[in-house]
Amino acid sequence: MRATILSVLLLCSTTFILGVTADAKCDVSGEVGDRVPIDLGYPYTKAEDELVWKRSTVTIIKQKKGKLVTGKEGDVEDNGSLVLHNVTMEQKGEYSAEVFNSGGKQVYSVTKNLCVREKVSKPGKPSFTCSDFSVKLTCSAQGTSSDIVWLKNNKETKKTGTALILKLTEITAADEFSCSISNKIRSAQSDAVKVSCPGLTPERKLFGLDMYIMIAILAGGGGLFLILVGVLVFCCFRRYRQNKNRFRDEEELRLAAVTQQQQQQQKRQEQRHQEQDPYAHPHGQHRHQAPPRGHAPPCPHPQNGDGQTPAPPRSRGKPRSRPPPVPAEDGAEEQPPPRPRPRQSAPRHNR
């Protein structure tokens, strides 16, 4: 009796361990109702080789030289892969395959473990229950599973399970919560929900966005605007200085051209005056030249009987000042002074 009980316990424990090991290592995975192919992984020749597929120790497919001996058409593909249609939870487990050549010698064998998961459906929107200091969120998923993960503001948290309990001080009215369920093959996420319990920190928004995000955007935009204004002012000031320097250079060139033109005009006038009066000084002053040969020098003033030159009469009152010379107008030719003529001696009278 004891031996029987020990044998049963050993068999149950072995089955459990094998089941856990097989579930931990899944060579092929599928959901309930899916079409699941199990790849052979060998260059199988349908016309020459013999193929045998087994589930545990039961033969489900036997094909020899292209002819199906055991199984149904469509359960095996041309490359030797096994196909399970509308798979169920009872079909999970180990599947083995053997390939024999035309001489009956085994050339290939493989064993693969199939894991079948329950089909994942999108969970409903979570519900919440408020208390004095906390809130309880419940994921509306079909059945219970340890693969439920909670998300806060669309970011995964370390919280798992169908229920989530949070303190009111940990959340705000702007936070959104959702749950995601996974079966290690695919996952589905529920719609988000906002908790509206008394005592929560009110939602802070500005122009429809979070206040802190909006402040950051406005600060960045303001800084960029100030930089653009500074660049614009610098460009305007630089353009003003360039224009000012250009105007100054043009004015200097214009004055230099006018001065050069006046100097040339003055030189032409002086050359014209020298051509008209060869005895004229270049600066307009006359110089006395010696009379040419063959001409008598100018006669001196008449002398008195004593042989002395009479003194010039004294002027009464203040001497008259000579009027200043009238400057010649531009373009007008200066008249040369008359040449001095010799004075003729007066006729003598007999006493």
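Here's a quick briefing on the chain's make-up, confidence, strand pairing and a few residues worth a look. The model is predicted, with a mean pLDDT of 76 across the chain. It contains two helices and 18 strands, and 19% of its 351 residues count as buried.

**Confidence**

- Residues scoring a pLDDT of at least 70 make up 67% of the chain.
- Strand 7 (residues 93-100) comes out highest, at a mean of 94, while helix 1 (residues 2-24) is lowest, at 44.
- Residues 299-309 stay under 50, and the model gives them eight contacts beyond four places in sequence.
- Residues 328-334 are also below 50, with seven contacts in the model beyond near neighbours in sequence.
- Where pLDDT is low, the predicted coordinates shouldn't be read in detail.

**The chain as a whole**

- Take the contacts with a separation of 6 or more: 57% of them link residues 24 or more positions apart.
- The exposed area is about 27,900 Å², and carbon and sulfur atoms supply 54% of that.

**Strands 3, 4 and 5**

- Strand 3 (residues 50-55) pairs with strand 4 (residues 58-64) in the antiparallel sense, over six bridges.
- One pair to pick out here is Leu51, whose bridge partner in strand 4 is Gln63.
- The hairpin of strands 3 and 4 has two residues between the strands, and Ser56 takes a positive phi near 60° there.
- Strand 4 also runs antiparallel to strand 5 (residues 67-70), and three bridges join them.
- On that side, Lys62 stands opposite Thr70 in strand 5.
- The hairpin of strands 4 and 5 likewise has two residues between the strands, and in this one Lys65 has the positive phi, near 50°.

**Strands 10 and 13**

- Strand 10 (residues 134-140) and strand 13 are antiparallel partners, with five bridges between them.
- Among the residues involved, Ser134 has Lys167 of strand 13 as its bridge partner.
- In a regular strand, side chains alternate between the two faces of the sheet.
- Strand 13 (residues 163-167) has Leu164 and Leu166 on its covered face, with Ala163, Ile165 and Lys167 on the uncovered one.
- That puts Lys167, the bridge partner of Ser134, on the uncovered face of strand 13.

**Leu200, a buried loop residue**

- Leu200 sits in the loop between strand 16 (193-194) and strand 17 (205-206).
- Its relative accessible area is 12%, so Leu200 counts as buried, the cut-off being under 20%.
- Setting aside neighbours within four places in sequence, Leu200 touches Leu168, Ile171, Ala173 and Val195.
- Ala173 is 27 residues away along the chain, yet the C-alpha atoms of Leu200 and Ala173 are separated by 6.0 Å.

**A nonpolar patch on the surface**

- Phe225, Leu226, Val229 and Val233 make up a nonpolar surface patch, and together they have about 400 Å² of accessible area.
- Phe225 belongs to helix 2 (residues 211-276).
- Phe225 counts as exposed because its relative accessibility is 54%, and the cut-off for that is over 50%.
- So there are two nonpolar residues to look at in turn: Leu200 is buried, whereas Phe225 is exposed.

Key
Residues numbered from 1 in each chain as written. Predicted model: local features only at pLDDT ≥ 70, side-chain atom pairs only at ≥ 80, totals over all residues. Heavy atoms only, no water. Helix = DSSP H or I, 4+ residues; strand = E, 2+ residues; numbered from the N terminus. Buried < 20%, exposed > 50% of the residue type's maximum accessible area, 1.4 Å probe, protein only. Contact = heavy atoms within 4.5 Å. pLDDT = per-residue confidence, 0-100. Patch = residues over 30% accessible without salt bridge, like charges linked within 9 Å, V, L, I, M, F, W, Y side chains within 5 Å. Areas by Shrake-Rupley, 256 points an atom, 1.4 Å probe, with all protein chains shown as cover. Salt bridge = Lys/Arg side-chain N within 4 Å of Asp/Glu carboxyl O. Pairing = 2+ DSSP bridges.
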